[in-house]
Amino acid sequence: MQRADSKQHKLIYGLDIGTRSIVGTVGYMEKDHFVVVAQKVREHETRAMLDGQIHDIGAVGETIRDVTDELEKELDITLSQVCIAAAGRVLQTVTTSVEIDLEGEKLITKEDIFALDSYGIEKAYEQFQKENELDMKFYCVGYTVMRYYMNHYPMSNLENHKAKIIAADLIATFLPDDVVDGLYKAVELAGLEVANLTLEPIAAMAVAIPQMYRMLNIALIDVGAGTSDISITKDGSIVAYGMLPVAGDCLTEDIARHCLVDFTTAEMIKRGIEHSDTVEYKDIMGLPQTISKEEVLSVCSAHLTEMAEQAADKIMELNGDKPVSAVFVVGGGGKIEGYTQLVADRLGIARERCALRGEEVMQKIDFLPGDIKKDSMLVTPVGICLNYYEQSNNFVFVTLNGERVKLYDNNKLAVVDAAIQAEIPNDALFPKRGESLTFTFNGKQKVIRGERGESAVILLNGEPADIHTPIRGNDRIEIKESTAGAAAVMELGKLAEYNQEIHITVNGQSITLPKFASANGELQSAFYQIREGDEIELLNYYTVQQVTEVMDVLLDPAMQILINHEPADMDSKVYDNFTLEWKLAEEKPAETKEPEQKTEAGAAVEATAITAVGSETVEPAETVQADTEAGEQEQPDRANTQESRKTGRTGGSMLEKARQSAQQIADAPITEEVEEELKQMRANAAAERIAAFATAYNSGQGMPQPVQQKQALQTPPAQPEPVQATEQPAPAEATQTPQQSADAITAVTVTVNGEKLTLTGKKDYIYVDVFDHIDFDLSKPKGKTVETLINGRRAQYVEPLKTGDVLEIFWKD
């Protein structure tokens with residue numbers, strides 16, 4: 001009946017592979033009780049294990065097979081998987097904290113908790129690897145969560161709560177590779193697979209100190225044959241683990257030496273005094289002997305005291321140099337009389353608070369076989385089975401690029417886990433970026449990242465996969481490392497901040513100027529390729545000098561410059577939305593009116609010639625002076641001219657009359673009409689000059705160099721048609737002047753890209769005029785720069801044209 005019931009449940013097989021014996025337990029969980037359906041114990045025939053570590057793997061494997069065969073025969077089943085626990089003298093522990101942001105409030109599931117625990121184990125392993133100074137490779141053999149948190153508040157159980165953030169404090173334990181490998185190999189030789197691996201003190205704690213007792217500061221000592229495993233509880237969780245390589249075997253060795261017997265006989269004597277005051281045995285000479293309980297305890301006294309004191313001292317160390325409130329002792333090695341009292345005395349606690357625990361802590365353990373007695377020696381074997389339900393984990397092996405890799409199996413292994421374990425760097429898995437480009441922009445560091453390369457090529461068992469593809473034991477993984485992308489490249493004009501403008505007002509006219517960009521102090525075009533370490537600066541101002549160069553204006557040194565109505569000079573800075581003016585400097589009052597008019601008129605001649613940039617070459621200053629002197633000799637004519645201008649009887653434009661004769665201009669005062677036409681001429685000239693500047697600058701030729709004064713004066717922008725003056729008497733000297741004939745509309749024939757082109761409708765023509773007559777779209781670049789040649793050399797955009805010139809215009813990379 002018992003067997004029939006057991007077959008209706010999933011049976012768990014646990015092995016306590018101890019230093020002196022192997023205990024096999026088979027059972028199942030029914031509600032909150034664990035039901036043991038069978039249990040077998042087999043002692044090692046030789047000392048195949050010492051201090052909890054396997055020395056003779058073959059011998060241990062045979063013993064495991066014998067225990068398994070007996071259980072299979074009794075239960076009439078086949079056992080293929082087994083849960084085991086590890087112990088060892090070089091136990092290392094790491095305490096860590098982890099947190100997961102769930103990206104919004106959500107219901108917490110078992111999967112979320114499992115992911116949190118796994119994240120904690122991985123973090124603990126990384127932390128341990130950084131601090132590991134021993135020349136050994138370690139593996140995580142178990143962990144315990146000390147405390148969970150929900151939205152930063154402690155919570156004993158997270159499942160089914162809603163939270164945005166979950167966190168945990170946990171302890172992870174690590175043992176050397178050879179300890180773990182020995183256990184796995186012995187199990188493999190017995191024809192079994194490991195279903196779960198834990199640490200012996202974790203297994204013992206599952207039975208000996210139930211959750212209800214963990215609020216108390218209690219120590220658990222599992223005294224076996226080779227090791228003493230220690231755990232500490234406080235505030236509802238396990239807070240520390242420890243392990244000592246001293247236990248019952250050292251007492252057995254003392255008895256063997258004293259009684260002159262083998263190790264097995266000595267072990268029998270040690271166990272015999274638990275139930276009798278005397279024990280009979282035969283020594284190695286075959287002689288019968290009898291030894292009393294008092295004599296055995298006396299022989300073991302020194303090592304028993306040392307063993308108890310080491311355990312007490314370890315408890316103090318793990319508990320922050322403070323004694324615990326109580327001590328539970330389990331395991332066969334702790335059953336010898338006097339051990340618990342010695343531990344209590346060393347800790348300074350009452351002796352009754354340090355005691356063996358067996359049947360008292362196994363209230364929820366049911367043994368179906370009637371011959372099994374609940375004993376402290378059964379705590380750890382049952383705990384190994386119970387741990388299966390709490391932590392289902394073990395190690396699996398995979399092959400990565402031809403190398404065998406062992407992984408801690410958290411049931412969610414992926415390719416990336418194997419890569420990390422094999423110490424393949426992250427940049428070999430993920431696309432590598434090319435070299436970054438670092439420079440400063442307006443004093444602030446700017447980094448342009450390189451292009452991404454190709455991801456790693458991953459094959460799992462010959463099929464394409466990625467780093468997140470799940471893996472299992474014995475999988476074959478091939479990883480071809482990722483590649484690096486191209487280095488970062490950035491042109492100046494492609495910076496988001498580059499295409500900015502400055503808006504200023506010059507002599508009442510609004511103009512827009514592109515901001516200058518410089519690299520390492522030198523002005524560069526939009527197509528400049530930024531280099532590592534460059535210092536790029538986008539100037540947010542123009543100097544007055546730069547404004548005049550852009551507008552192709554040459555100012556007389558005597559003229560007054562105003563920025564926002566405040567005096568300035570050629571090096572003064574003009575910022576966005578500033579106003580810039582230049583005008584004749586105010587003169588001191590003259591003794592007579594006529595010299596004042598002469599001075600004013602003379603300045604007007606120069607200002608008109610320089611600013612308008614729209615007439616023939618200005619006569620030298622000596623000529624103007626001579627004409628002025630001649631005008632003084634004919635006061636009536638000049639007076640008549642002035643009078644006619646005041647009354648408007650002259651007809652036509654005063655600006656046109658200024659062009660007809662320097663003599664007439666010298667005699668004429670500056671009127672509002674003349675001033676208005678001067679402003680219009682300045683605006684026309686400035687607009688054309690700015691357009692030419694912007695085209696050249698943005699097309700990669702850089703800032704156009706200012707033309708020579710004479711050339712600028714000979715290359716005017718388009719002028720309004722001159723207004724013809726009405727017939728009236730004029731001075732003999734001004735009847736027919738070269739200026740009048742020069743104002744006539746002319747035609748210029750040039751060759752552009754091999755084809756003849758005749759320009760008409762204007763008096764003079766400059767290079768940029770050609771773009772109005774040819775099919776060349778500057779708004780759709782077909783290269784980095786526009787190459788402009790005239791007669792085989794580089795041309796200026798404002799350079800004058802004459803008949804016969806040969807022009808070449810094309811895009812250049």
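Colleague: How many salt bridges does a search of the whole structure find?

Modeller: The model is a predicted one. A salt bridge requires a side-chain nitrogen of Lys or Arg within 4 Å of a carboxyl oxygen of Asp or Glu. Searched in this way, the whole structure yields 26 salt bridges.

Colleague: Which parts of the chain does the salt bridge between glutamate 43 and arginine 20 tie together, and how far apart are they in sequence?

Modeller: The closest N and O atoms of glutamate 43 and arginine 20 are 3.6 Å apart. Glutamate 43 belongs to strand β3 and arginine 20 to the loop between β1 and β2, so the pair joins parts whose separation in sequence is 23 residues.

Colleague: Is arginine 20 buried or exposed?

Modeller: Buried means under 20% relative accessible area. Arginine 20 has a relative accessible area of 6%, whereas its partner glutamate 43 is partly exposed at 29%. Arginine 20 is therefore buried.

Colleague: Which residues are linked with Arg20 and Glu43 in a network of salt bridges?

Modeller: The pair formed by glutamate 43 and arginine 20 belongs to a network of salt bridges. The other residues linked in that network are Glu267, Lys270 and Arg271.

Colleague: How many residues apart in sequence are the parts tied together by glutamate 253 and arginine 47?

Modeller: These two residues form a salt bridge with closest N and O atoms 3.1 Å apart. Glutamate 253 lies in helix α6 and arginine 47 in the loop between β3 and β4, so the parts they tie together are separated in sequence by 206 residues.

Colleague: Which element gives the largest share of the lining of the largest pocket?

Modeller: The largest pocket holds about 1800 Å³ of space. Among its 47 lining residues, those closest to the centre are Tyr148, Gln211, Arg214, Tyr389 and Glu390. Elements that each supply at least two lining residues include α3, α5 and α10. The largest share, six residues, is that of β8.

Colleague: How many charged residues are in the lining of the second largest pocket?

Modeller: This pocket has a volume of about 1000 Å³, and Arg271 is one of the lining residues closest to its centre. By class, its lining has 16 nonpolar and 15 polar residues, and the number of charged residues is 16.

Colleague: What accessible area do Leu260, Ile284, Met285 and Leu287 have together?

Modeller: Methionine 285 is in the loop between β15 and β16 and is exposed, at 61% relative accessible area. With Leu260, Ile284 and Leu287, Met285 forms a nonpolar surface patch whose combined accessible area is about 420 Å².

Conventions: Residues numbered from 1 in each chain as written. Predicted model: local features only at pLDDT ≥ 70, side-chain atom pairs only at ≥ 80, totals over all residues. Heavy atoms only, no water. 1 Å grid on protein atoms, 1.4 Å probe; cavity = no way out; pocket = protein on both sides within 12 Å on 5 of 7 lines; lining within 4 Å. Points joined across faces, edges and corners; volume = space filled by probe spheres on them. Helix = DSSP H or I, 4+ residues; strand = E, 2+ residues; numbered from the N terminus. Nonpolar A, V, L, I, M, F, W, Y, C, P; charged D, E, K, R; others polar. Patch = residues over 30% accessible without salt bridge, like charges linked within 9 Å, V, L, I, M, F, W, Y side chains within 5 Å. Areas by Shrake-Rupley, 256 points an atom, 1.4 Å probe, with all protein chains shown as cover. Buried < 20%, exposed > 50% of the residue type's maximum accessible area, 1.4 Å probe, protein only.
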